[in-house]
Amino acid sequence: MPVIEVRHPLIKHKIGLMREGEISTKKFRELTAELSRLLSYEACRDFELESCRIKGWCGEVEIEQIKGKKVTVVPILRAGIGMLDGVLDLIPSARVSVVGIARNHETLVPEPYFERFVGQLNERLAIIIDPMLATGGSLIATIDMLKRYGCQQIKALVLVAAPEGIKALDAAHPEVQIYTAAIDSHLNEQGYIIPGLGDAGDKIFGTK
Ligand code: URA
């Protein structure tokens, strides 16, 4: 099962607040950033540590630090940008790779229209960020691209996941772990997650 629903009380409280129908752009953005921090915290849980000695206030002291992990954060345009600062707050030295994917109106296949990846993808953990895992098409296309460039370690952070998207992801890339604040009921005919958050991109950017 590739999906990890993080059932922390703070996460459940904050995702609940995001469902408020009349939520302001400011509040939606703030909660997106806060949840991104909390999900990142969880996604870094398996980072390896190493011991080293430093000069402390009372002499030499042994400390633990993260063992040279190279990370690239991969926001999927446009809504993924709303999660970027929250993730970078916790992983400040991460490099950023950006992907834009749009569905071809005739074939309905998600097609990349923009990609700018950082180097050394074969040595990096890629953390893809996109608030809504709906059909899974954009996420699967992004993982396909990362793998084509040699990336071997991939995780994703989403705020809300639909069962349809989880199933598609499990079929395409079962080893990729998805961290989410909630797993919702289903997709409606327009492809929105129900109950979901509405259009996350519009709510983050203040467009309609
Ligand atoms: N994208 C969104 O912004 N919301 C959904 O519910 C599904 C996809």
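In the predicted model, Arg45 is located in the loop that joins α2 (25–43) to β2 (49–56). Arg45 has 8 C-beta neighbours inside 10 Å and therefore counts as exposed, the limit for that class being 12 or fewer. Between Arg45 and Glu123 the separation is 78 residues in sequence, and the C-alpha to C-alpha distance is 19 Å.

The protein chain contains six helices and 13 strands. Its radius of gyration is 18 Å, close to the 17 Å given by the globule rule for 208 residues, so the chain is as compact as a globular protein of that length. The C-alpha trace spans about 65 × 40 × 30 Å along the principal axes. Buried residues make up 38% of the 208 residues of the chain. Among contacts with a separation of 6 or more, 64% are between residues 24 or more positions apart.

The largest nonpolar core has 54 residues, and the members that touch the most other members are Ile127 and Met132. Strand β10 (residues 153–161) supplies the largest share of this core, namely seven residues. When residues up to four places away in sequence are not counted, Ile127 touches Ala43, Val71, Val73, Val74, Val87, Lys155 and Leu157.

Met132 also belongs to the set of residues around the ligand, together with Ala79, Ala134, Gly191, Tyr192, Ile193, Gly196, Asp199, Ala200 and Gly201. By class, this shell consists of six nonpolar, three polar and one charged residues.

Two sets of positions carry the UniProt annotation "binding site", in each case from an unreviewed entry. One covers Ile193, Gly198, Asp199 and Ala200. The other lists Arg78, Arg103, Asp130, Pro131, Met132, Leu133, Ala134, Thr135, Gly136, Gly137, Ser138 and Asp199. Asp199 thus appears in both annotations, and Asp199 is also one of the residues around the ligand.

Gly198 lies in the loop between β13 (193–194) and α6 (200–205), and Asp199 is placed in the loop between β13 and α6. Gly198 has 16 C-beta neighbours inside 10 Å and so counts as partly exposed. For Asp199 the number of C-beta neighbours inside 10 Å is 16, which means that Asp199 counts as partly exposed. Ala200, by contrast, is part of helix α6, and with 25 C-beta neighbours inside 10 Å this residue counts as buried. Apart from neighbours within four places in sequence, Ala200 is in contact with Ala79, Pro131 and Met132. Of these partners, Ala79 and Met132 are among the residues around the ligand, while Pro131 and Met132 are included in the longer UniProt list given above.

Thr135, a further position in that UniProt annotation, sits in the loop between β9 (132–133) and α4 (137–148). Thr135 counts as buried because 20 C-beta neighbours lie inside 10 Å and the class begins at 20 or more. Its contacts, leaving aside neighbours within four places in sequence, are with Glu164, Gly165, Ala168, Leu187 and Gly191. Gly191 is in turn one of the residues around the ligand.

Notes
Residues numbered from 1 in each chain as written. Predicted model: local features only at pLDDT ≥ 70, side-chain atom pairs only at ≥ 80, totals over all residues. Near = placed C-beta within 6 Å. Nonpolar A, V, L, I, M, F, W, Y, C, P; charged D, E, K, R; others polar. UniProt positions renumbered as here; feature names shortened; annotations may be inferred. Helix = DSSP H or I, 4+ residues; strand = E, 2+ residues; numbered from the N terminus. Contact = placed C-beta atoms within 7 Å. Rg over C-alpha atoms; globule rule 2.2 N^0.38 Å. Core = buried A, V, L, I, M, F, W, Y, C linked by C-beta atoms within 7 Å.
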